[in-house]
Amino acid sequence: MKKFLLGALCGCAWFAHGAFATQTVTPDLSLQPLPLQAYNRAATSLNGEWKIIVDPYENGYYNYRYEPFDQQETPSQNAYFTDSKQKTPGDLLEYDFDKSASLQVPGDWNTQTDKLYYYEGTVWYRKTFDAPKAKKTDRTFLYFGAVNYRADVYLNGKKLGVHVGGFTPFYYEISGKLNEKNNSLVVKVDNKRHADAIPTLNTDWWNYGGITRDVKLITVPKTFIRDYKIALASLTDKTVTGAVLLDGAKGGEKISVKVPELNIKQTITADKNGKANFSFSAGNAELWSPENPKLYAIQITAGNDKLSDTVGLRSISTRGKQLLLNGKPVFLRGVSVHEEYSARGGGRVKNAAEAQQLLNWAKGFNANFVRLAHYPHNEDMVRLAEKMGLLVWSEIPVYWTINWNNEATYQNAEAQLTAMIERDKNRAAVIIWSLANETPVSDARNTFLARLATTARRLDNSRLLSAAMEKHYRADNASIAVVEDPLAEHLDLVSFNQYIGWYDGAPEKIDRISWEINYNKPVFISEFGGDARAGNHGDIDKIFTEEFQENLYIKTLKMLDGIDGFVGTSPWILTDFRSPRRHLPGIQDEFNRKGIYSNTGEKKKAFYVLKNFYDKKAGQQ
Ligand code: GCU
């Protein structure tokens, strides 16, 4: 039995955290190597209108000799990040943020203006703001929820750093770097794809560029609560363990931890590294589950700093082929989800209301699980799933043909994995970290992913590891589908994508297939499905009709339900979504049409097949 209790503290990153490595030209020394729990902190939002300059030739970054301005001792005023103004009538300046166009933050640029719908390149963003009220001794952090893909960040003409990775938070300490009035924050956002990046050149989702999540200023006292971890350490005696990490501590500081509803109030003392552990018995605490997504308020106080949050207590484990939630077998009635608000015609989800809409649609067919593909979604999505009783699979975009032989690529993947785990390690709903999706087997890929698995377990050994692997057929018998992948030994859940009846033969083939999956581990089918244009009807053998998709679901669910150790599935996909690979006019029109809902939320016939199957499964639990 492999027990994974949320909160096995030895796995916390703080205790084993290496330096943060990002794929940058100059190591980003100002990037804080430690997490910053920012979601519930009072903050000054920098969301809203930002001025922009679309700069395909990166004219604001390189001089005409193609030398980066920001490597110059005194950058020329032609460098856009200096946000210069014409000083004299004769001043030659060929840009002016104040007179330029604007975009909304958060939000991708592709769906804000037709001119940028297909754009892949650099867009400069500029925001001016006054310094938030703060005491002299206070510290200020600039926090980005995510920027896709590379962000070069400048404050008042000085470079703060570079971040790569389009779906994880990052931040810079800017204490002492702010003017009282009229600060200029300039971000060079570049969403160009690269073979050595994570993800790599080819994906089946739209390469939305921009400052796609919140930007905010967080002011904290000189010594503040940087991070914490809490969770259930034992299902039997309901022991809860946790840790708090102070930044700016000398050691000896008193920290109060309260869980009022459990009558817990503890005072612990920070060691010289600012760290303090705690534990208590949660006695009659209600365990978090999809049926009862019970959350407890937690208040951590240190000096004049206070961090509040809500947490669930639960255990996730495997026992042979069984998946156990709070010690009982659980079936994952799932669906895969892209972070795209398709009802608006596409575009990255940009607020909690849009995230709520997607999760409500998942609840529509009695889901208790969402596979947030293929990258970490925004924090609203994860926290709402937790409130709504949806278990979560969270994933880094190690997708398809990654450059397994490039160390910088590995460092990038590891940095994204670390940031994903650091941000969501206290979310009870998250039960699976996924390392990869449909990556071709090779020695280099096996080594790369085994390293990632080791890092994931070091950061957090309280959750299950998985990845969407692939299947093949027995060489001597084409009706036996096999899941056999060296990666499986590093995983707790054997997950794979299969498209028999869509990419692999016609639906009638499904009835002829049996499965060979020789692992004593639970089996999860992370994708199946087929395209249907909503409202397009015909016989079941007419491709792209709702009837075709409906029949595919009926046959596939029957086949999967016969697999030994079958603990759930997340059909591909909740709603139609924009893809640069799907060009069939009148049917796809640059949308992948495998949605159970259309991109405007219409239920296709497959919706009812899935709901019926999940209602039965729910009744059996
Ligand atoms: C793959 C992949 C998805 C893709 C889907 C499809 O399995 O994981 O990202 O969109 O198949 O082809 O529709």
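Start by selecting helix H4 (residues 407-424) together with helix H5 (residues 443-459); helices here are DSSP runs of H or I with at least four residues, strands are E runs of at least two, and both are numbered from the N terminus. Their axes come within 10 Å and cross at roughly 30°. Axes are lines fitted to C-alpha atoms, for helices over the stretch in contact, and angles run from 0 to 180 degrees between N-to-C directions. That angle makes H4 roughly parallel to H5, a label for angles under 35 degrees (over 145 is roughly antiparallel, 65 to 115 roughly perpendicular, and the rest oblique). The crossing of H4 past H5 is right-handed, meaning that the near helix is turned clockwise from the far one by less than a right angle; anticlockwise would be left-handed.

Now show side chains. On H4, the contact involves Glu407, Thr409, Tyr410, Gln411, Ala413, Glu414, Leu417, Thr418, Ile421 and Glu422; on H5, pick Phe448, Arg451, Leu452, Thr455, Ala456 and Leu459. Contact means heavy atoms within 4.5 Å. Coloured by class, this H4 and H5 contact shows eight nonpolar, four polar and four charged residues. Ala, Val, Leu, Ile, Met, Phe, Trp, Tyr, Cys and Pro count as nonpolar, Asp, Glu, Lys and Arg as charged, and the others, Gly among them, as polar.

A word on what you have open: this is a predicted model, where local features need pLDDT of at least 70 and side-chain atom pairs count only at pLDDT 80 or more, while totals for chains, interfaces and linings use all residues. Residues are numbered from 1 along each chain as its sequence is written, and side-chain values use heavy atoms, with hydrogens and water left out.

Next, centre on the ligand. It is surrounded by 14 residues, the closest being Asp204, His374, Glu438, Tyr503 and Glu527; a residue is near if one of its heavy atoms lies within 4 Å. Then add three polar contacts, pairs of N or O atoms within 3.5 Å (within protein, one must be able to donate a hydrogen and the other to accept it, and residues adjacent in sequence count only if both atoms are side-chain atoms). Polar side-chain atoms lie 2.9 Å from a ligand oxygen atom for Asn437, 3.0 Å for Arg582 and 2.7 Å for Lys594.

On to helix H6 (residues 546-560) and helix H7 (residues 605-620), whose axes come within 7 Å and cross at roughly 20°. H6 and H7 are therefore roughly parallel, and H6 passes H7 in a right-handed crossing. Select Glu546, Glu547, Gln549, Glu550, Tyr553, Ile554 and Leu557 of H6 with Lys605, Ala606, Val609, Leu610 and Phe613 of H7 to see the contact. Its residues divide into seven nonpolar, one polar and four charged.

For another angle, try helix H2 (residues 352-363) and helix H3 (residues 379-388): the axes come within 9 Å and cross at roughly 45°. H2 and H3 are therefore oblique to each other, and their crossing is right-handed.

Finish with some backbone details. Most residues other than glycine have a negative phi, and most peptide bonds are trans. Asn326, though not a glycine, has a positive phi of about 55°; find Asn326 in the loop between strand S20 (322-325) and strand S21 (328-329). The Asn148 to Tyr149 peptide bond is cis, with omega near 20°, and Tyr149 is in the loop between strand S6 (139-144) and strand S7 (150-155).
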